[in-house]
Amino acid sequence: MATLTSKRFSARDEADAIELAFDRGWSDGLPVVPPTEARVRAMLEAGRLESDQQVAFIRDRAVAVTAEKVAINAVMAGCRPEYMPVVVAAVEGIGDPRWSYHGPGTSTGGAGVLMIVNGPIARELDINAGDNLFGPGWRANLTIGRAVRLIMRNVCGSLPGLLDRGTLGHPGKLSYVIAENEAESPWTPLHVERGFRPEQSAVTVVAANAPHQFYNQLSNTAEGILTTLADDMRISGGVMGQPTYIVVLAGEHMRTIAAEGSDKKRIRQFLFEHTQNSHAHLKRTHRMSGDLQPADEQKMRPLVASPDDIFVVAAGGRAGAFSCYIPGWGSAKSSQAVTKEVKR
């Protein structure tokens with residue numbers, strides 16, 4: 001294996017090494033695991049990568065992200081070595097020109113990197129797809145997402161207040177990882193919809209705002225639940241058009257909707273049609289410029305360019321009449337969701 005080339009620092013003990021990381025600005029605000037050579041090499045071995053191998057090139061930063069840098073930050077984030085292939089795939093995703101790193105990495109809009117994991121590796125690594133979906137308690141979810149954000153910080157230079165200019169940000173900027181509940185889902189998995197085989201593992205990376213939870217315990221029909229969801233979505237996020245919306249349907253809602261035979265395609269179409277705003281409403285609420293015209297009452301503007309830009313994901317707890325949607329970051333022509341295979 002190639003020699004590790006990153007600069008080395010000495011510390012008296014683990015506690016001193018943790019404080020060194022704080023002092024040097026390598027931390028996201030939480031203690032990090034000191035990246036010793038043995039730990040970094042174990043991470044590289046798990047990813048089957050040479051230390052000098054390029055994982056991604058961040059064009060907007062003119063930065064080559066090497067496997068060594070990915071491994072160092074994965075160690076600091078608290079990842080186990082077997083998480084390394086997922087971290088690598090996610091870094092490949094944010095380095096893809098379609099994801100367009102500059103916008104979500106620097107914008108005052110404060111996007112997080114939402115990562116949706118599909119395929120066998122999600123189950124092997126116990127990446128949470130159920131209860132407390134976006135919350136604490138799951139090492140794989142929290143450390144994989146944290147590793148990607150540390151790479152953005154320490155390799156790409158996206159430091160808060162400098163190149164990361166988020167006005168508010170949101171907690172997903174620390175870590176924002178879920179898996180799809182393929183075991184219980186009645187629908188086609190997200191990665192299969194995006195061109196992969198069921199037996200492949202993949203990560204979809206989305207520049208995304210925070211989750212918006214909605215509640216519907218009254219309706220026992222698909223139309224009732226989706227109508228509530230659409231009404232909430234319609235006035236959310238950037239209603240002038242965004243590249244992507246993620247809809248996460250948890251257990252109770254998933255079962256009710258699927259019982260009537262609604263597949264993901266039908267869900268997407270319903271939401272696309274029922275989340276459009278009239279130009280009149282957008283002008284009255286000062287979201288669209290220009291004087292109000294009589295025809296504006298009939299002119300409609302969708303949230304996304306097409307139904308296919310609404311990603312439906314089965315995930316969340318089995319109990320509770322709650323689900324959520326996640327507005328994508330930016331305008332319709334900005335950052336696009338990217339799906340990469342997890343290679344092992």
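Which strands does helix α7 lie across, and at about what angle does α7 run to β3? Select residues 139-154 to bring up helix α7, and then add β3 (112-118) and β4: the helix lies across both strands, running at about 135° to β3. Helices (H or I, at least four residues) and strands (E, at least two) are DSSP runs, numbered from the N terminus, and angles run from 0 to 180 degrees between N-to-C directions, the axes being lines fitted to C-alpha atoms, for helices over the stretch in contact, where contact means heavy atoms within 4.5 Å.

Before going on, note that this is a predicted model, in which local features need pLDDT of at least 70 and side-chain atom pairs count only at pLDDT 80 or more, while totals for chains, interfaces and linings use all residues. Residues are numbered from 1 along each chain as its sequence is written, and side-chain values use heavy atoms, with hydrogens and water left out.

Next, show the open sheet of four strands, whose order is β4-β3-β5-β12 with mixed pairing; two strands pair if DSSP finds at least two bridges between them. At its edges are β4 (177-179) and β12 (338-341), each of which pairs on one side only. Now select β5 (residues 202-208), which pairs with β12 in the antiparallel sense over four bridges, and look for V205, which stands opposite V338 in β12.

Move on to helix α9 by selecting residues 222-234, a run of 13 residues that reaches 18 Å from its first C-alpha to its last. The buried residues of α9 include I225, L226, L229 and M233, where buried means under 20% relative accessible area, exposed over 50%, and partly exposed in between (1.4 Å probe, protein chains only). To see what covers these buried residues, add the elements around them, among them β6 (212-215), β7 (245-249) and α10 (251-259).

The last stop is a set of salt bridges, each being a side-chain nitrogen of Lys or Arg within 4 Å of a carboxyl oxygen of Asp or Glu. Select E180 and K264, whose closest N and O atoms are 2.9 Å apart. E180 lies in the loop between β4 and α8 (190-193) and K264 in helix α11, so the pair ties together parts that are 84 residues apart in sequence. Both E180 and K264 are buried. Finally, select R318 and E184, which form a salt bridge with their closest N and O atoms 2.6 Å apart. R318 counts as partly exposed at 48% relative accessibility, and E184 counts as partly exposed at 36%.

Definitions and conventions. The expected span of a helix is 1.5 Å times one less than its number of residues.
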